Amino acid sequence: MREVAVVGVGMTRFGVSENTNVEMFSEAAMEAINESNLEPKDIEALFFGNVFGSHEEGQANMAPFAVADIGVPNIPATRFEGACASGSVAVRDAFIWVASGYYDIVLAGGTERVLAMDTPAATRAFAMCSNSYYEGPAGITFPGVFAMLAHLYSHKYAIPLPKLKEQMAMVAIKNHHNGKLNPKAHFQATIRDLMEARIARATQRGQPVPTWADEMEFFRDIKVNPMIADPLQLYDCCPFTDGAAALVLASIDKARALTDKPVLVAGVGQCSAGSLADQKDYTQMKSRILSAKQAYTQAGIEPPDVDLCELHDCFTIAEIVAMECLGFFEFGQGSRAVARGETEIGGKIAINPSGGLKAVGHPIGATGARQIYEVVKQLRGECGERQVAGATIGMTDTLGGDAGTICNIILRRGW
Amino acid sequence: MEYKLTHKAYTAALRENRLLGLKCNACGGYTVPPKKVCIECAGEDLDIVELRGQGEIRTFTVIRVASEGFQAPYIVGIIELDEGPWLMGNIIGVNCDEATMDMIGRRVKLGHAVIPGDKFSAGERVATTFSL
Ligand SMILES: [Zn+2]
């Protein structure tokens, strides 16, 4: 195994896109390739994340069209699918192939046009990532999986549900605060901004003007924050989003010739788990604990060494549980840590300084690569107002399915 | 090697409200729903057994936004069976607006519901149900 570095990253503005999956990916890919001081002809292979191309566009085998679009139609181009972790899984494999010496320079990333599906169709598609024979027939949805997790967590750690829901709301408030500082985020607005926008709209239309005392009252208002799956309300959920992200990986010798700031892939991990019910108490996800351990061991670090982590906050409770499984906080202490501000930029560890899935959005094939984009920019010190001061080690955490796939990647400054 | 307890055989029993599983002759563990090998020890020496079909609610949710083909609201829960495995299903006979945290720990009994196939599923499906 030899050292591997990220030499360039790119992503589209996340949100609602009229572009095709391939068009979005090409935008991100060319940004990454140009930033690497390379041309497409220098790329030896593509590792490509996409989950629902068949449903969104009636398009299977998308990876070959992606390389054709950037002028290298004959290089190997392979799709990686690990539900919402697809982008990370693609990057991890790309890393392994470069580390092994088989390739020197590769492109990895993903794309997803979730909004080409309407909400019932997207909900049905996402539910395909649960066991379709033994759990799908119950009508389980992704919010449902994490709603059950919130109930498990509340019961296990004896945190009354109203208290836990306030702590969960603070995850959303923090991530929207960070997202406002991210020009690529789907939602660049704080929860307070969203409240004021609703007040302004009601005033303009001559409708009854809402009078929420604070954000918590806004969260409790089921008229604006409807229940999706008890106890998760709308603002506990990340949005459906279109977008793409890509990065170029190179062997360390090539990387040092291309950039002064190579970001080293210090450690990777990936683990699987079966059906949700087979995992039993999933407040402590075995696949995530084991995957993170692989990454920490390879990187030769411990959780307290991590300056920032882009983790899988598909739902507010998901962020809390991920923080614990990754070892940043004791089990059962995560929700309190959020309430104490320990996960803000400038806190004990910056969790989702980008705004996370919650504010940046979640185009599932792209998310893992998007998380790496943020960590690379943070380590290079290019994040402006949301910069984590002096960040030298960053980590990503991506969850696919019902924790069926977990992938972790640790990056560190290579200069 | 032949698959001991197939999905087809498992759901045929479920349609009669009978819960089949696999009991491991190496470790004594139960595997439900079925797998090729024991979920506890990966042992291959397994017998098909009928479980009691009873257990306790470990967690639940009320689905308010359903996926295509389902009519919200309805309750999904995960039950710990008396024999040890956890199993997902619909909790029925409970008013969705009265489904609160005190459901956790309640005893339930297994049943089933037939769910029509949709354009993605491999035919008709059978959901596990649980009633208080
Ligand atoms: Zn066994």
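**Entry 1. A salt bridge between chains**

I began with the side chains of B:Asp118 and A:Arg124, which form a salt bridge with an N to O distance of 2.5 Å. This pair crosses from chain B to chain A: B:Asp118 sits in the loop between β7 (107-115) and β8 (125-131) of chain B, and A:Arg124 belongs to helix α5 (residues 119-127) of chain A. I note here that the model is predicted.

I then looked up how far each partner is covered. B:Asp118 has a relative accessibility of 25% and counts as partly exposed. A:Arg124 is buried, because its relative accessible area of 10% falls under the 20% limit. As background, I recorded that side chains of opposite charge can pair when their charged atoms come close.

**Entry 2. Salt bridges within chain A**

How many salt bridges are there over all chains? I found a count of 32.

One of them joins the side chains of A:Glu319 and A:Lys174, at 2.8 Å from N to O. A:Glu319 is part of helix α12 (residues 316-325) of chain A and A:Lys174 is part of helix α7 (residues 161-179) of chain A, so this pair ties together parts that lie 145 residues apart in sequence. Are the two partners buried or exposed? A:Glu319 is buried, with a relative accessible area of 0%, and A:Lys174 is buried too, at 6% relative accessibility.

Next I took A:Arg192 and A:Glu215, whose side chains meet in a salt bridge at 3.4 Å, N to O. A:Arg192 lies in helix α8 (residues 191-204) of chain A and A:Glu215 in helix α9 (residues 215-220) of chain A, so the pair ties together parts 23 residues apart in sequence. A:Arg192 counts as partly exposed, with 33% relative accessibility.

I also recorded a network of salt bridges that links A:Glu35, A:Lys377, A:Arg380 and A:Glu382.

**Entry 3. Helices α7 and α12 of chain A**

The pair A:Glu319 and A:Lys174 led me to the helices that carry these residues. Two packed helices are described by the angle between their axes and the distance between the axes. The axes of α7(A) and α12(A) come within 8 Å and cross at roughly 95 degrees. The two helices are therefore roughly perpendicular to each other, because angles of 65 to 115 degrees are counted in that class.

Which residues meet where these helices are in contact? From α7(A) I listed A:Leu164, A:Met168, A:Val171, A:Ala172, A:Lys174 and A:Asn175; from α12(A), A:Thr316, A:Ile317, A:Glu319 and A:Ile320. Both partners of the salt bridge between A:Glu319 and A:Lys174 appear in this list.

I then examined the surroundings of α12(A). In this helix 10 of the 10 residues are buried, so α12(A) is largely enclosed by the rest of the structure. Among the buried residues are A:Ala318, A:Val321, A:Met323, A:Glu324 and A:Cys325. After the helix comes A:Gly327, which has a positive phi near 90 degrees.

**Entry 4. The zinc ion in chain B**

Which atoms coordinate the zinc ion? I found the SG atoms of B:Cys24, B:Cys27, B:Cys38 and B:Cys41, at 2.2 to 2.4 Å. The angles among the 4 donor atoms run from 103 to 116 degrees, and the site is tetrahedral. Along the chain the donors follow the spacing C-x2-C-x10-C-x2-C.

The pair B:Cys27 and B:Cys41 links distant parts of the chain, 14 residues apart: B:Cys27 is in the loop between β1 (19-24) and β2 (30-31) of chain B, and B:Cys41 is in the loop between β2 and β3 (46-51) of chain B. B:Cys27 is partly exposed, with a relative accessible area of 39%, and B:Cys41 is partly exposed at 36%.

**Entry 5. Backbone details**

Most residues other than glycine have a negative phi, and most peptide bonds are trans. I therefore looked up departures from this pattern.

In chain B, the peptide bond from B:Val32 to B:Pro33 is cis, with omega near -10 degrees; B:Pro33 is in the loop between β2 and β3 of chain B. The bond from B:Ala72 to B:Pro73 is cis as well, with omega near -5 degrees, and B:Pro73 lies in the loop between β4 (54-63) and β5 (74-81) of chain B.

In chain A, A:Asn37 has a positive phi near 60 degrees. A:Asn37 is in the loop between α1 (21-35) and β2 (46-49) of chain A and counts as exposed at 57% relative accessibility. A:Lys280 is not a glycine, yet its phi is positive, about 55 degrees. A:Lys280 is placed in the loop between β8 (263-272) and α11 (286-299) of chain A and is partly exposed, with a relative accessible area of 29%.

Methods: Residues are numbered from 1 along each chain as its sequence is written. Chains are lettered from A and ligands numbered from 1 in the order in which they are written. This is a predicted model: local features need pLDDT of at least 70, side-chain atom pairs count only at pLDDT 80 or more; totals for chains, interfaces and linings use all residues. Side-chain values use heavy atoms; hydrogens and water are left out. A salt bridge is a side-chain nitrogen of Lys or Arg within 4 Å of a carboxyl oxygen of Asp or Glu. Helices (H or I, at least four residues) and strands (E, at least two) are DSSP runs, numbered from the N terminus. Buried means under 20% relative accessible area, exposed over 50%, partly exposed in between (1.4 Å probe, protein chains only). Donors are N, O and S atoms within 2.8 Å of the metal (3.2 Å for Na, K and Ca); water is not among the atoms, so sites may look incomplete. Four donors count as tetrahedral if all angles lie between 85 and 135 degrees; four count as square planar and six as octahedral if opposite donors are over 155 degrees apart and all others between 65 and 115; anything else is irregular. Axes are lines fitted to C-alpha atoms, for helices over the stretch in contact, and angles run from 0 to 180 degrees between N-to-C directions. Angles under 35 degrees count as roughly parallel, over 145 as roughly antiparallel, 65 to 115 as roughly perpendicular and the rest as oblique. Contact means heavy atoms within 4.5 Å.
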